[in-house]
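Student: Please take a close look at one part of this structure with me. I would like to go slowly, with each term explained when it comes up.

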Amino acid sequence: MYLKFKAILGIISLATAVRSTATSHKREPESIIYRPTRPPSYPLAVRNPYLSAWMPSDQVQMLPYAEPQFWAGQSLTWSVMARVDGQAYSLMSIPSPGAKIQPAVVRSAEYTATHSVFTLEAGSVSFVLDFFSPISPSNYLRQSLPFSYLTVTVSGADGNDIQIYSSIDGRWAGRQQHTACSFHSQGSTLAYALKVENAVSYTEERDMATWGTAILSSRRTAQSKLSFSSGKRGEVRSQFVKDGKLSGRDVTWIPGGIVAFAHDLGTVRGEESVNFAVGYVREDAINYLGKPYTGYYRSQFPDMYEALEHFFDDYPAALLESKIVDAEMTDQATLAGGDKYADIVALSARQAWGGLDLTIPNDSLDTSEVLAFVKELSSDGNLNTVDVIMPAFPIYYVMEPEYIRLLLEPMMRYLVAGRWKQPYVIHDMGKHYPNAIGHDDQKAEPMPIEECGNLMVLVLAYVRATGDSAWADKYIHLLRGYADYLVENSVDIANQLSSNDAAGPLANETNLAIKAAVGLKAFGELSGLNEYSQIGEEHANLFFEQGLGTDQAKSHFVLQYPDKPTSWKTPYNLFPDVLLNLKTFPQAAYQMGNTFFKKVRAEYGVPLDNRQDWAKSDWNMWLAGTFDDMTTRSEFIDDLWAFMSNGKHNWPFSDRYVATSAKGREPGHPILCRARPTVGGHFALVALQGPRCLQTAILRRLKDTLSEEEKIPLDVVREDL
């Protein structure tokens, strides 16, 4: 069926190919064209916490020499070369090319929600490197495949003799030393596998998995001759530079060696493309309460090389969907917040989905037992942290709300089993990914009000978006216990942490009181028990109408009550009240911020609270969603876009950064957080357009794109999505 899509792939362009956004901030002179703007770092292969390769944007000018990085900062070899009429050119990641390899000239760099595209000139022809990581959350098979595409396209050829090469090294396996190399052939698909010998399951080294298998693969085509080789990097590269092909020999593997594939396209007129794939496969992906869970894709392809062959077969359909995802995401984000907001959302998408694994039990491969797991990247590596799921949930809400349930279910089973003895919701399901073993020692980070309030909102958001009240009903008694905790503990709030644990604990934090009030109203909606809704509204009345949580003039919510009238904090916990139309707080409570936050706006926006010089991008987009003053909302968008595109930093999109120079630090620089899935919160303004709004639009456009001649029924289209 996938071949049917080939005729229509060309009719949908990359969503931002015709739009570029000028920056208002200073950057060095350059000839490279950046579309839609210059991000901090380009996602190359971003599929899960262990397949997450990026190209820092400050390396793009020197792309022929530059090495990609794992999200945590470790350098990776992912080399791309081409030969044009016998002359070898470096396209990417050849740090020491030697005299016989010329660097290509970088002309443009572009990103969309699913693609990062670099255009280079090598001699008389152009080469396009298209790094494509599918986002297909409704298609569990496609979403769970632990591979990513690199398509290399030559264009403008006029009878030129062309060869294309790509290689990786043992660093992709998580450790250079003690790695083993093997070669495999599955149909027309060829693959090299790199693996750490005698690795212990579920272990990491500097956040990289060490117990899985790194993959480089390509496949034979009618248009090219495919060759392969492994060994010392200088020797393997020299083979390609000299002959335009590789020897097919695998010498004894040593640390620092590479594995490589080369396509000989022969004489090319016009345009030709070849595909490569990189991946990182863990058969035992997650340790869930002592039981191995594996990738969902293994329900259909238990053998990873069969899965890899399917991945190549699936390319036309995945590409078609990706272009629709790119276009719809741009359209809806532009409608919600303008061009700059669309730039933010597009850069956030792969990162948000790239923090997850979608799994099933490894023994039964039972697809009715699917569970999702998310890593708290950049901080302590906790697993299924409730206050990571919470800020990220807007992207699930608009693209596939089932993930709210899939991410909460591992915790709900643990809680209902009674293994967590505390009266409030557990913070996370494991101290460090991928071990989802709970906290039988009762020592999870305590955030009582935070996590109880989060759980109520997340469950209601899932039910509202899907209509699946049966799942919530199954846990309603458990939820009621946590609602009772909020009733008893959310006015005189004990000294405790909120989600922003870097800011330290506080007693009587107004934003936590807001969260509790909204959470109680959410539970009342879920359960039909109006007394909880009434208590939530009474608490809201206390903190706003009676002024316990505001300054005397009711110009803003204070950070801490009582007697802290000049303090303030971004009251982002109002956003679920707006999104779910709970009306816990009156409209006037939201409108205070329209004026107040203009007064405390700094060089790069509004800090988290009056004590900090740093902002949180996810919470600021949540807060922007509570404003009906579009000018104020636009200021929040402008500030985040300015941080994202200022050229001062090169991390995967950080959600925490210095916003003001008031405390002596230079604004516009990130702090600690990199590549976190919490950037799903940037979709808050899109979420205001309704649950599943992106999912529905993508399905509709895909259906409309298929010609009448295709005759592909809707159920097949839905399966492909």
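Tutor: Let us begin with residues 114–331, a span that is 20% helix and 48% strand and whose end C-alpha atoms lie 15 Å apart. Helices (H or I, at least four residues) and strands (E, at least two residues) are DSSP runs, numbered from the N terminus. UniProt lists this span in an unreviewed entry as "domain: Glutaminase A N-terminal"; its positions are given in the numbering used here, the feature names are shortened, and annotations may be inferred rather than shown by experiment. Please keep in mind that this is a predicted model, in which local features need pLDDT of at least 70 and side-chain atom pairs count only at pLDDT 80 or more, while totals for chains, interfaces and linings use all residues. Residues are numbered from 1 along each chain as its sequence is written, and side-chain values use heavy atoms, with hydrogens and water left out.

The part to examine closely is strand β6, made of residues 87–92, in which five of the six residues are buried (buried means under 20% relative accessible area, exposed over 50%, and partly exposed in between, with a 1.4 Å probe and protein chains only). Strand β5, residues 78–84, pairs with β6 in the antiparallel sense over five bridges, where two strands count as paired if DSSP finds at least two bridges between them. The two strands form a hairpin with two residues between them, and D85 in that turn has a positive phi of about 50°. Strand β7, residues 101–103, runs parallel to β6 and is joined to it by three bridges. Y89 of β6 is a useful residue to find in the view: its bridge partner is A82, and it also stands opposite Q102 in β7.

From strand β5 we can follow the aromatic side chains. A pair of aromatic rings is described by the distance of the centres and the angle of the planes. Rings of Phe, Tyr and Trp (its six-membered ring) pair if their centres lie within 6.5 Å, and planes under 30 degrees apart count as stacked, over 60 as edge-to-face and the rest as tilted. The whole structure holds 47 aromatic pairs. In one of them the ring centres of W78 and W172 are 5.4 Å apart with planes at 90°, so this pair is edge-to-face. W78 belongs to strand β5, whereas W172 lies in the loop between β11 (147–169) and β12 (179–186), so that the pair links distant parts of the chain, 94 residues apart. W78 has 0% relative accessibility and counts as buried, and W172 is buried at 6%. Another pair, Y165 with F240, is tilted, with 5.1 Å from centre to centre and 35° between the planes. Here Y165 of strand β11 is linked to F240 of helix α2 (residues 233–243), 75 residues apart, and both Y165 and F240 are buried. W78 and W172 also appear in one aromatic cluster together with Y42, Y111, F118 and F131.

Charged side chains make contacts too. Side chains of opposite charge can pair when their charged atoms come close. The structure holds 36 salt bridges, each a side-chain nitrogen of Lys or Arg within 4 Å of a carboxyl oxygen of Asp or Glu. At D331, a salt bridge reaches R701, with N and O 2.9 Å apart. D331 lies in helix α4 (residues 315–337) and R701 in helix α18 (residues 693–705), so the pair ties together parts that are 370 residues apart in sequence. D331 is partly exposed at 41% relative accessibility, and R701 is partly exposed at 27%.

K569 and E509 form another salt bridge, at 2.5 Å from N to O. K569 sits in the loop between α12 (530–543) and α13 (575–579), and E509 in the loop between α10 (476–489) and α11 (510–527), 60 residues apart. K569 is buried with a relative accessible area of 3%, and E509 is buried at 2%. Elsewhere, salt bridges that share partners join E67, D169, R171 and R233 into one network.
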